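New to this one? Have a look at the fold, and then we'll go through some "how do you know" questions together.

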Amino acid sequence: MAAIRGLKLIRGAVMAPRLARADTDVVDAGSTASAGDTGDVMTVEFSRFDTWYEIDSWWEGRFLEKTARGSFKRTIKSLGPAGVKVLFNHGRDFTIDQKSLGVASVLEERESSPYMEVPLLDTSYNRDLIPGLRAGAYGSSFMFEVVREDWNHDPGVSDHNPDGLPERTIKEVRLFEAGPVTWPANPDATAGLRSATRSGVDWLMESLRERDQEQTEELQRSFAAFRAMHGLRTPLDGGPATPAAQPAPLTPAPGNEPARHVNGLSAAARRRRMTLLGVKEG
């Protein structure tokens with residue numbers, strides 16, 4: 001089955017980001033940091049290829065997943081190193097927000113994992129992060145969309161899948177962003193820093209709900225369709241930390257009530273968005 005487009009997912013990386021001086025360990029001999037860099041280069045490895053890990057999410061459901069070697073090649077070729085944003089906590093940090101940590105100088109697939117090198121910008125927030133990065137206090141994570149995938153909905157019981165959960169193999173992704181995080185989402189991320197109670201997507205949705213309830217409701221419908229498409233169950237011990245109100249049916253309203261377009265925004269929501277964008281109605 002084809003992936004549902006538009007679902008941005010979060011997964012943890014293989015290991016914590018590492019730092020090296022630009023003139024020693026990482027950059028080619030003779031290269032130096034740019035004038036606006038701190039002189040520190042952060043290296044990040046993404047999802048370990050062909051390694052099963054469990055997804056146990058109220059939004060996504062429960063299943064096993066792995067990424068296949070080659071799944072990042074097309075997005076890397078299309079975007080280039082500078083086309084992937086490098087943020088802290090996926091741009092959800094209260095102090096740093098969506099400020100860039102740096103522009104990647106290297107982005108490539110290696111034998112076991114995608115790999116990125118990022119000369120850190122000489123900024124106050126990066127200087128605040130550097131001691132923690134040097135100490136290995138952070139994990140790493142990336143945001144992506146699935147483009148191609150294979151599902152085995154009835155794999156049976158095996159050593160790597162003792163519960164016989166559905167298995168998803170990701171064949172191609174569209175990469176959006178990567179960087180250090182306080183709580184990695186993947187069991188392969190730094191030991192001791194992973195939240196055991198929610199996945200990266202659950203964390204993102206809780207954060208998004210605080211900023212954009214309308215988008216949260218739209219994504220809620222998309223994730224419900226994803227679970228239904230693959231027969232996935234959600235954990236039995238509760239739902240989102242703060243349950244979202246169920247969205248109203250997107251059907252035309254009778255009489256003089258503001259109309260809602262099928263698969264669209266309400267008239268009031270469109271006016272609010274146009275005002276924010278500085279667009280005048282004709």
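Q: What makes strand 1 count as largely enclosed by the rest of the structure?
A: Strand 1 covers residues 8-12, and 4 of those 5 residues are buried, so the strand is largely enclosed. For a residue to earn the word "buried", its relative accessible area has to be under 20%. Bear in mind as we go that this is a predicted model.

Q: How do you know that strand 1 and strand 9 are paired?
A: Pairing takes at least two bridges between the strands. Strand 1 and strand 9 are joined by 5 bridges, so they pass, and they run antiparallel. One of the links to look for is Ile10, whose bridge partner in strand 9 is Met143.

Q: Why is the pair of Phe46 and Phe142 called stacked?
A: Two numbers settle this, because a pair of aromatic rings is described by the distance of the centres and the angle of the planes. Ring centres must lie within 6.5 Å to pair, and planes under 30 degrees apart count as stacked. Phe46 and Phe142 come in at 5.3 Å centre to centre with 15° between the planes, so by that rule they are a stacked pair.

Q: What makes this pair a tie between separate parts of the chain?
A: Phe46 is in the loop between strand 3 and strand 4, while Phe142 belongs to strand 9, so the pair ties together parts 96 residues apart in sequence. Both rings belong to buried residues. Ring pairs also link Phe46 and Phe142 with Phe49, Phe72 and Phe144 in a cluster.

Q: Which residues have the most contacts inside the largest nonpolar core?
A: They are Met42, Phe46, Phe72, Leu101, Met116 and Phe223, in a core of 44 residues. Elements giving two or more residues to this core include strand 3 (37-45), strand 9 (139-152) and helix 4 (213-230).

Q: What makes Leu7 a contact of Phe223?
A: A contact needs heavy atoms within 4.5 Å. Leaving aside neighbours within four places in sequence, the residues that meet this for Phe223 are Leu7, Leu9, Trp59, Glu60, Val201 and Met205.

Q: How do you know where the predictor's confidence drops under 50?
A: Check pLDDT, the predictor's confidence in each residue, from 0 to 100. The value stays under 50 over residues 24-33, a stretch with 13 contacts beyond four places in sequence in the model. Residues 187-198 are also below 50, with 31 contacts beyond near neighbours. For the protein, the mean pLDDT is 77, and 71% of residues reach 70 or more.

How values were computed:
Residues are numbered from 1 along each chain as its sequence is written. This is a predicted model: local features need pLDDT of at least 70, side-chain atom pairs count only at pLDDT 80 or more; totals for chains, interfaces and linings use all residues. Side-chain values use heavy atoms; hydrogens and water are left out. A nonpolar core is a set of buried Ala, Val, Leu, Ile, Met, Phe, Trp, Tyr and Cys residues joined through side-chain atoms within 4.5 Å. Buried means under 20% relative accessible area, exposed over 50%, partly exposed in between (1.4 Å probe, protein chains only). Helices (H or I, at least four residues) and strands (E, at least two) are DSSP runs, numbered from the N terminus. Rings of Phe, Tyr and Trp (its six-membered ring) pair if their centres lie within 6.5 Å; planes under 30 degrees apart count as stacked, over 60 as edge-to-face and the rest as tilted.
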